[in-house]
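Hi everyone, thanks for making time for this. I'd like to walk you through a few residues, so please have the viewer open and follow along.

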Amino acid sequence: MNIFLVPYTRWRHLIMALWCGGFGLLAWWCVLSLTVLGGPKWPQNWDGPMLLGTIAAFVAAGSILGEDNLRRRPMLLRLGRTVLAAVIAGGNTLLWYWLWSLIMPMLLPDAWQTDAADPSLVSLRYRIGAFVMAGFSTGAAGTAVRRLQHFVSHIAGGITAGLAAGVVWHVLGEYFLGLTDLYLASAAMGLTWGFLYGLITWPVPDELYAGWVRVLSSTRFGRRIPVPAPNADPKERFVGHFPRGLDLFLPIDDGVMEMHVSVAVDRKGRYSARGLSLQPTVVRRFLERIDLRYDPRRSAPLETRLTSGDRIILGQGAQQTELEFLMLPREEQ
């Protein structure tokens, strides 16, 4: 998990989903290996909660570890936060399951008591509470380590992931194409659990990236400047051919005026381009063309929001300069 390997596209939000899904699959493999190679160290009726607790612990720990890797936190801090998330998620899952096993007999009719007490019975009807509580524990661990940030998304995402994992486990183990292999159903359960949890709770945030302006024209091809200030304060970068005081100098022969355009960022990390010249200034993106040429009748210059990949065209015809706005990892500043 490296921020330099996560490009700023919509697909970046799947990175944490795939990462946590891998941790869910790894949890299933660890429990299966322990059961097959060494034999379980717990009673038979605890096979289910041990599997759920292990998956909850691995998924919660994977989410925290993935974030810390992207933020480049110190190794000891990463280890401590990861272990803390695993302990909270796994411990709460086992605790809630024990409480559920005490409460459930009081809620079920007498005719269902025998089936509900049978640990070998594979049915979501009697296990749905365990999946909900394990999912809740996963979300609670993530929000606790992150100091109650994104509380609603973590709890809702954890419960959703736990329920979806239970449905996948039940369907693949009972009805799907005649498949009755509970080992593969449990693998799909762990993968689904981690994938949905990573997708819902903690997407890769924009704050890990910074906007850059890059020159695409041949005169200064490849020249680029960062837009945000190092301390994340609002900043405005000016582009033109005035010899002093500009952030990006471009020659007048390429149709660039003394102060032609600026790119600004506010405290919320929103980027915008402002046209400062009477000469042609156009922002182009997919199916859009925005003219930012300065209108003297207006009290302020025209501006538009910028997204990664937008092109800014200065001048026209043979005298034309092309810029590109990019979102790159903040560590490149």
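Before the residues, one term: when I say contact, I mean heavy atoms within 4.5 Å. And please keep in mind that this is a predicted model.

Let's start with Arg237. You'll find Arg237 in strand β3, which covers residues 235–240. Is Arg237 buried or exposed? Its relative accessibility is 16%, and buried means under 20%, so Arg237 counts as buried. What is Arg237 in contact with, once we leave aside its neighbours within four places in sequence? The list has Ile225, Pro226, Val227 and Pro228, then Asp247, and then Val261, Ser262 and Val263. Pro226 deserves a second look: a polar atom of the Arg237 side chain lies 2.9 Å from the backbone oxygen of Pro226.

Now to two other arginines, and here I'd like you to look at the backbone. Arg72 is in the loop between α2 (47–71) and α3. Arg72 is not a glycine, yet its phi is positive, at about 55°. With a relative accessible area of 38%, Arg72 is partly exposed. Next, jump to Arg147, in the loop that runs between α5 (124–145) and α6 (151–174). Phi is positive for Arg147 too, near 60°, and again the residue is something other than glycine. What about the surface? Arg147 has 75% relative accessibility, so Arg147 counts as exposed.

From there, let's go to helix α3, residues 75–107, where Trp98 lies. Trp98 has a relative accessible area of 44%, so we call Trp98 partly exposed. Which residues join Trp98 in making a nonpolar surface patch? They are Leu95, Leu102, Ile103, Met106 and Leu107, and the patch comes to about 660 Å².

Last stop, helix α1, which spans residues 13–38 and holds Ile15. Ile15 is partly exposed, at 27% relative accessible area. Not counting residues up to four places away in sequence, Ile15 touches Met1 and Val6. If you want a ruler exercise, pick Ile15 and Leu52: they sit 37 residues apart in sequence, and their C-alpha atoms are 23 Å apart in space.

To recap the arginines: Arg237 is buried, Arg72 is partly exposed, and Arg147 is exposed. Thanks for listening, and I'm happy to go back to any of these on the screen.

Key: Residues are numbered from 1 along each chain as its sequence is written. This is a predicted model: local features need pLDDT of at least 70, side-chain atom pairs count only at pLDDT 80 or more; totals for chains, interfaces and linings use all residues. Side-chain values use heavy atoms; hydrogens and water are left out. Helices (H or I, at least four residues) and strands (E, at least two) are DSSP runs, numbered from the N terminus. Buried means under 20% relative accessible area, exposed over 50%, partly exposed in between (1.4 Å probe, protein chains only). A polar contact is a pair of N or O atoms within 3.5 Å; within protein, one must be able to donate a hydrogen and the other to accept it, and residues adjacent in sequence count only if both atoms are side-chain atoms. Patches are made of residues with over 30% relative accessible area and no salt bridge: like charges are joined within 9 Å, nonpolar side chains (Val, Leu, Ile, Met, Phe, Trp, Tyr) within 5 Å. Accessible areas come from the Shrake-Rupley method with a 1.4 Å probe; for residues, only the protein chains shown count as cover. A salt bridge is a side-chain nitrogen of Lys or Arg within 4 Å of a carboxyl oxygen of Asp or Glu.
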